[in-house]
Amino acid sequence: MDLTSISPVLLLASLMVAATPILLAALGELVVERAGVLNLGVEGMMITGAIAGFATAVATGSALLGFVGAAAGGAALSLLFAVLVLWLRSNQVATGLALTLFGLGLASLAGQPYNGVRAPPMPELDIPLLSGIPVLGPILFRHDPVVYLALALVGGVWWFLHRARAGLVLRAVGENHDAAHALGYKVLRLRLLAIAFGGACAGLGGAYLSLVRVPQWTEGITAGAGWIALAIVVFASWRPLRLLLGAWLFGGISVLQLNLQAANAPIPVEVLSMTPYLVTILVLVLISSGRGRARLAAPGSLGQPFHASR
Amino acid sequence: MSDALLAIRGLTKAYPGVVANSDVSFDIRPSSVHALLGENGAGKSTLVKTIYGLVRPDAGTMTLAGQPYAPPEPRAARAAGVAMVFQHFSLFDALSVAENIALGMEDPPPLRDLSARIAQVSRDYGLPLDPNRIVGDLSAGERQRVEIIRCLLQSPRLLIMDEPTSVLTPQEVEILFRTLRKLREEGLAILYISHKLEEIRVLCEEATILRGGRVVATCDPQRTSARRMAEMMVGGTLKTPARAAHPGGDTVLDVQGLSAPSPRPHGTALRGVTFSVARGEVLGIGGVAGNGQDELLLALSGEMRTAPGMVRLKGELVGSLRPSARRARGLLCAPEERMGHAAAPDMTLTENAFLSGRLRERLARRGFVNWTAARGFAERIIRDFDVRTPGPSAAARSLSGGNLQKFVIGREILQRPEVLIVNQPTWGVDASAAAAIRQALLDLASQGAAVVVVSQDLDELMEISDRFAALNEGRLSPARPARGLTVEEIGLMLGGAHGMEVAHAH
């Protein structure tokens with residue numbers, strides 16, 4: 001084993017990249033859950049976004065347009081969920097799981113013609129001057145635009161939830177939808193918008209995998225990233241800034257295990273590949289054992305169907 | 001009438017199978033407190049929801065200060081100067097006072113300015129409140145102040161209050177009434193809905209009484225007795241619960257130093273609760289909701305287990321026993337929440353009767369349900385306690401609150417408990433059903449059972465208790481004989497007006 005082959009600078013730089021897809025998906029899910037809806041279909045929306053983005057990028061020759069297509073694809077799938085859950089009042093957990101299964105199947109079907117096709121390259125955004133700084137330059141300032149978009153979205157979501165009036169209403173709807181309805185707020189319309197935003201974010205996250213990280217189409221490309229995103233939302237106790245920390249933590253673990261594999265660490269490869277998922281389970285267990293602390297932070301109406309009583 | 005602020009003419013609203021309001025007409029004058037009376041299901045809440053724009057009437061018109069008034073949504077009602085304080089407070093626990101108030105406003109100023117205005121209004125009207133606190137940590141009285149201040153910041157012309165005093169201590173009621181009188185002097189009209197007729201007699205100048213969706217009477221509450229108003233609501237005569245005098249029996253339930261953390265978020269821990277109840281005795285435990293009532297019930301029923309010696313039944317240590325073991329020994333409980341705790345809403349009455357009566361009524365044999373016996377038990381409850389339902393195969397959800405409560409209480413009483421513990425036995429139940437339930441509890445006591453009634457309704461506790469104790473922040477006061485206790489003494493036992501001292505310090 002040769003640990004010296006792992007460069008800390010490269011590790012941190014690739015951590016930012018590895019964290020981006022789960023960060024995007026988790027951020028969308030955070031907004032959805034803050035509005036009081038539990039959408040377990042993140043994995044399905046991510047992979048739908050991955051293939052929608054890949055197909056758009058191949059067709060147009062532009063990776064950036066691919067991301068637009070991915071957001072549209074994720075949002076479209078999430079609208080299916082929204083109609084089922086909000087208007088037909090189906091069970092959110094079951095519908096979310098079904099959405100994941102549906103998304104996986106749909107992506108695999110739509111992805112058939114794209115096996116072995118290469119994606120158009122993503123433009124690197126070399127920020128002049130800043131990218132020249134030693135150590136910090138490669139870690140922070142030599143990434144593609146989507147990395148910065150994800151970071152900007154974290155700030156934007158934080159600002160929206162805690163400073164904007166519409167964000168206050170969204171939190172109120174998630175906290176107590178009956179009270180919000182009694183005050184005259186449109187619970188369903190707001191949740192619809194939140195779900196669509198969540199779908200678009202999950203789609204972006206998926207497309208980041210198929211267009212930047214891999215970058216080609218393979219079946220099951222998301223490999224459970226959507227589930228990790230769901231766990232991070234709980235880990236972050238529904239706060240955007242903690243979500244960033246959570247995403248970096250999980251991004252770091254997955255990069256580290258890849259590096260350890262490459263460095264021939266004396267641990268079976270299977271165990272190393274398992275680590276992000278093991279840590280997810282561990283974190284969830286630790287948080288849930290904290291005697292109701294996690295439940296305190298959870299939006300009050302999370303997962304409950306809303307029915308405007310007359 | 002030209003002097004009316006709000007004139008209601010012929011309002012009618014029908015839902016499938018039930019007419020909630022039928023040709024309702026009355027006037028509310030400015031600078032007055034107008035009472036709206038009626039039993040559950042009389043159509044009061046449909047009427048106020050219509051005024052507040054949550055419900056659209058099928059027929060009829062409203063006029064607000066001479067202008068036609070038909071709000072399509074609450075926003076329009078608020079813009080027209082109609083504000084409402086809800087019965088179940090429409091607040092958001094996880095948000096701060098200022099954020100909650102901002103949500104109820106059309107065009108709120110930035111939070112910092114809003115906080116200053118909240119402080120101003122709360123001083124002007126004697127409603128102490130800190131705008132930065134999280135609403136989930138406030139007492140019921142303080143939460144109500146949040147709602148009232150939210151309304152007042154919009155400078156309304158008509159304020160609707162739905163059961164405002166049901167969760168307040170007597171001292172908090174005094175503060176509220178002082179505020180309402182001040183508002184009335186400033187020209188505000190207040191539509192006041194309450195079951196508490198004595199309060200209405202003190203506060204209101206006019207009363208409109210609804211029964212079955214129609215206006216059946218209007219009266220001047222200051223010149224009408226509470227009994228007369230109650231009879232107009234019910235449409236018949238009312239029986240006051242009566243009981244035979246009983247000899248003092250030996251102690252059956254003895255609780256010593258019961259301390260336990262709450263299993264719920266935002267719950268209250270029990271701190272050294274000590275009391276005992278004798279055969280034939282009714283112990284009333286009063287207190288504002290959220291002071292440990294739920295936790296006490298859980299600890300007594302066995303849903304929350306404690307050290308064995310904290311709860312003794314006939315001398316036996318039962319503190320660590322499970323609910324079924326305690327039921328087998330004669331300690332029965334009827335929790336407050338009817339839907340989902342006392343009864344499974346989607347199961348039939350037979351199934352619900354079985355769930356509680358399995359052990360004591362021997363409704364199961366060798367692991368199989370004896371449906372004939374279970375159905376017989378359910379039928380007996382329905383018959384003996386006058387539960388209005390098509391039959392034992394009706395789902396619990398289909399019963400009205402009062403009828404389901406009669407079923408739940410009757411189910412426990414018919415199992416011949418030695419100790420019965422009930423929480424809020426008549427909450428949200430209309431006057432005649434409430435009287436029947438209280439009478440049943442008194443009858444049970446005179447047959448030699450010990451009864452513990454936990455309730456927020458002080459009038460109810462004074463009516464049926466032999467001794468009274470107050471629960472305040474998880475501590476129970478020593479029990480005192482209920483006869484001769486004054487409202488002031490009870491108020492002090494309940495811990496006075498919550499948060500007053502703290503708030504004045506700001």
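In what order do the four strands of the open sheet in chain B come? Keep that in mind while you look at the model, which is a predicted one.

Okay, the answer: going across the sheet, you read S2-S1-S4-S5 in chain B, and the pairing is antiparallel. As a quick reminder, strands in a sheet pair through backbone hydrogen bonds, and that can be parallel or antiparallel. On the outside here you've got strand S2 (18-28) and strand S5 (67-68) of chain B, the edge strands, each with a pairing on one side only.

Let's zoom in on one pair. Strand S1 of chain B, residues 6-15, runs antiparallel to strand S4 of chain B, residues 59-64, and five bridges link the two. If you want something to click on, take Leu6(B): its bridge partner in S4(B) is Leu64(B).

Now zoom out to the whole of chain B. The domain assignment splits it into domain 1, covering 6-234, and domain 2, covering 251-502. Take the C-alpha centres of domain 1 and domain 2 of chain B, and they sit 32 Å apart.

Last bit, the contact between the chains. Chain B puts in 18 residues and chain A puts in 15 residues. On the chain B side, the elements giving two or more residues are helix H2 (74-79) and helix H3 (97-103). So which one gives the most? That's H3(B), with three residues. And what's the chemistry like on that side of chain B, the one touching chain A? By class, we've got twelve nonpolar residues, four charged and two polar.

Notes: Residues numbered from 1 in each chain as written. Chains lettered and ligands numbered in written order. Predicted model: local features only at pLDDT ≥ 70, side-chain atom pairs only at ≥ 80, totals over all residues. Domains from an automatic or database assignment. Contact = placed C-beta atoms within 7 Å. Nonpolar A, V, L, I, M, F, W, Y, C, P; charged D, E, K, R; others polar. Pairing = 2+ DSSP bridges.
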